[in-house]
Amino acid sequence: MKERRLPLLATIVVFALLWAGGGFAYDHFFTTRVLGNLLTDNAFIIIAGLGMTFVILSGGIDLSVGSMIGFVGIATASLVAHGWHPLAAVAVLLVLGFVLGAVMGWIIDAFEIQPFIVTLTAMFMLRGLCFVISLDSIPIKHPFVTAFSDLQIALPGDGWLSAPALVMLTMLVLAMVLAHLTRFGANVYAIGGDATSARLLGVPVRRTVVGVYALNGVFAVMAGATYAFYTSSGYPLAATGVEMDAIASVVIGGTLLTGGVGLVIGTVFGGLIQGLIQTIIIFDGSLDSWWIRIVIGGLLFVFIVLQKGITGSVTAFGSQAEGQR
Amino acid sequence: MTEQRTSEARTEAPGTAPASGQKGAGRPSAGQGGASSLQPERRGVPQFVWPILALATILVIVGLIEPAFFSIRIVEGRLYGSLIDIVYRGTPIMLIALGMAVVIGTRGIDLSVGSVVAIASAVMAHYIHEGMNPGLVIAISVAAGLACGLWNGFLVSALGIQPIIATLILMVAGRGMALMINGGRIPTFRSDFFSFISSGSIWVIPTRLFVVAGVAVILWAVLRRTAYGLFVESVGANPSAARLTGIATRTVTLGAYGIAGMCAALAGLIITGDTRSSDAVNVGMWSELDAILAVVLGGGSLNGGRIYLGTTLIGVLIIQSLTTSILMTGVPPEYNLVVKAVVILFVLLVQAPAARAYLSILFGRRRAP
């Protein structure tokens, strides 16, 4: 059990090495300002990744979060333009995200259609709804949004924690409590580890699956709201492909895509590592932007092989037992 | 081999309820009639009927709304009309989906095909600029696709990495590589040969249809006239059993991803030949999702074990005809994706064995349980 924590340890080590490497290579890198910006710029990806962690822990996948973030942005912007308070808009969207997630979970479990396919359909539908609402970018003008972007808590040094970073940290605490301290969290780990055994042990599989996707819907809406308030606008093509960034964060964070193994905190480091690579490439200035994707791809590879090496000993035992049966 | 396969095998253990969790879900009913637990399915309709029925229904509904939909005429020595348009525009996804069908047959998935399209496109533009012979350009681009596919196959079969994640690596990194080959620009070129392949026509039929037909026939021959297809399906149906019967499962899987890579490269050649430029960021964007959807609409299960080449092509036609007909029938274009998603969800639900079991319980009762 302990060696399964090794990927998380490796993630933290890589994060520290990147951080130190950046600090020694470039001036002004070792500042709380860079750290604060890192948290702010990657807040919405990490929030989406936190929800995705539950889905992946349960053995599923959700491709709809990128579209959901875009949809929340454009819907909030449109509602605010119609005189709604931004928080009221987000509240309505949270309910909607919860319901949509629950419906997806129900279809996945009741009709036995692959999560990949069901959430892919939802991804198309939500992106389509973005276009239905507006084809153009809509600015969000409201005192609350201005207050949101101005809110800052000073850190020692010249950095600060911004509102997106605070939302992200709040969601992190919520996710950790849900995953590690509640019965729901235990059930998620159980059905991700082995759905059949979990069912035989009396875990309510359907309720858990529905709950996982509903929860992810809520996290995706929160990510979308953070993104919308942070950019003060809604754009129908916003956040395309963020689902893959979120999945990559979860995987780099040491959660096994097969489900059942992983920690919520790892996702935060997975997201921060991706952000750190971008920061370093921007700091350097001479590196071309395509290196971001190539380096992230390379890191994904390293982490997966590492996980494979660590868990290989565990699963080799399992497959042997299966062979004998 | 991997913990995924182990756990899937466990889910199949005897005594598993039909509504098993998401992982092994629907496994026994991957092909025609999963009669093991869902009794009413036994007098099954052949699998290929459903996609054809779906396509026919869509076409008939559109035809009723807009009769001009079915008109086909010859303009400037080429066939024109909505139906031709659907097939014409569908060809890149058809090529990708054919390769995807083989990968999905091994219980795998390939998310990287969109990036492979971009890489092949960049390689092609690069060598056209070098003034290379078109035949060699094709060979090198397809070889690049093959190399990408073999890399994926190596990760999946030799390292035992889960297919979604193994191919996610190339999906993320591949576009970066294509950008690097292009030097961060969007190179344009002129090539009569590739224009002919991509947008020209032989007699009245678009040339690219011959490319798809050729690939489909070759794949059909490889899968159905050699033992390879059987090996792929047995690896997908039950990897452990396939290995125990002496099938070189790793080589079979490697080959499947190689095929998918080559198919994606060909799609890249056709798209790039048409646009005469290589846009590494956007070319083939989301084509992996369309291709996977086409395979699933064609009746292929993501749990592997079956390859349906013919119905996969019909799956592509369903997706493409939805796009075209939504535009034809005067639905505002911004509703395109929403309508598409709803129809696809409906087709998927109807095709789901569980849904059909519910339906026959409601209407049938011809077979008392």
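Leaving aside its neighbours within four places in sequence, with which residues is A:Asp158 in contact? In this predicted model, the residues in question are A:Thr31, A:Thr32 and A:Arg33. A:Asp158 itself belongs to the loop that runs between strand 2 (152–154) and strand 3 (160–162) of chain A. The contact with A:Thr31 spans 127 residues along the chain, and the two C-alpha atoms are separated by 7.3 Å. A:Asp158 has a relative accessible area of 39%, and because buried means under 20% and exposed over 50%, this residue counts as partly exposed.

From this loop the description passes to the pairing of the two chains. In chain A, 61 residues are in contact with 60 residues of chain B. Between them the two chains bury about 5,400 Å², and carbon and sulfur atoms account for 73% of that area. On the chain A side, A:Glu112, A:Phe124 and A:Trp290 lose the most area to chain B; together these three residues make up 13% of what that side buries. The number of salt bridges between chain A and chain B is zero.

The nonpolar interior can be considered next. In soluble globular proteins, nonpolar side chains tend to be buried together. Here the largest nonpolar core contains 197 residues, and A:Phe116 and B:Ile292 are the members that touch the most others. Helix 11 (residues 205–231) of chain A gives this core its largest share, 13 residues. Not counting residues up to four places away in sequence, B:Ile292 touches A:Phe116 and A:Ile117 of chain A, together with B:Met100, B:Ile104, B:Ile109, B:Leu111 and B:Leu302 of chain B. Apart from the largest core lies another of eight residues, including B:Met124, B:Val142, B:Phe189 and B:Phe194.

Nonpolar side chains also appear at the surface. A patch of about 370 Å² is formed by A:Leu287, A:Trp291 and A:Val295 with B:Met177 and B:Met180. Helix 14 (290–324) of chain A and helix 6 (163–182) of chain B each supply at least two residues of this patch. A:Val295 lies in helix 14 of chain A. Why can A:Val295 be a member of such a patch? Patch residues need over 30% relative accessible area, and A:Val295 qualifies on this count because its value is 33%, which makes it partly exposed.

Chain B may now be taken as a whole. Its secondary structure comprises 15 helices and four strands. Of its 369 residues, 58% are buried. Among the contacts in chain B between residues at least 6 apart in sequence, 76% join residues at least 24 apart. The chain exposes about 14,800 Å², of which carbon and sulfur atoms supply 67%. B:Thr249 offers a local example: it is placed in helix 11 (residues 249–275) of chain B and counts as buried at 8% relative accessibility. Beyond residues up to four places away in sequence, B:Thr249 touches B:Val235, B:Pro239, B:Ala242 and B:Arg243.

The salt bridges complete the account. Over all chains the count is five. One of them joins A:Arg206 to A:Asp109, with the closest N and O atoms 2.8 Å apart. This pair links distant parts of the chain, since A:Arg206 is in helix 11 of chain A and A:Asp109 is in helix 5 (residues 86–110), 97 residues apart. A:Arg206 is partly exposed at 35%, whereas A:Asp109 is buried at 5%.

In chain B, B:Asp274 forms a salt bridge with B:Arg208, the closest N and O atoms being 3.4 Å apart. Here too distant parts of the chain are linked: B:Asp274 is in helix 11 and B:Arg208 in helix 8 (residues 207–224) of chain B, 66 residues apart. B:Asp274 is partly exposed, with a relative accessible area of 37%, while B:Arg208 is buried, with 3%. A further salt bridge brings together the side chains of B:Arg224 and B:Glu233, at 3.3 Å from N to O. B:Arg224 is partly exposed at 35% relative accessibility, and B:Glu233 is buried at 14%.

Terms used: Residues are numbered from 1 along each chain as its sequence is written. Chains are lettered from A and ligands numbered from 1 in the order in which they are written. This is a predicted model: local features need pLDDT of at least 70, side-chain atom pairs count only at pLDDT 80 or more; totals for chains, interfaces and linings use all residues. Side-chain values use heavy atoms; hydrogens and water are left out. Patches are made of residues with over 30% relative accessible area and no salt bridge: like charges are joined within 9 Å, nonpolar side chains (Val, Leu, Ile, Met, Phe, Trp, Tyr) within 5 Å. Accessible areas come from the Shrake-Rupley method with a 1.4 Å probe; for residues, only the protein chains shown count as cover. A salt bridge is a side-chain nitrogen of Lys or Arg within 4 Å of a carboxyl oxygen of Asp or Glu. Buried means under 20% relative accessible area, exposed over 50%, partly exposed in between (1.4 Å probe, protein chains only). A nonpolar core is a set of buried Ala, Val, Leu, Ile, Met, Phe, Trp, Tyr and Cys residues joined through side-chain atoms within 4.5 Å. Contact means heavy atoms within 4.5 Å. Buried area is the accessible area (1.4 Å probe) that two parts lose on being put together, summed over both.
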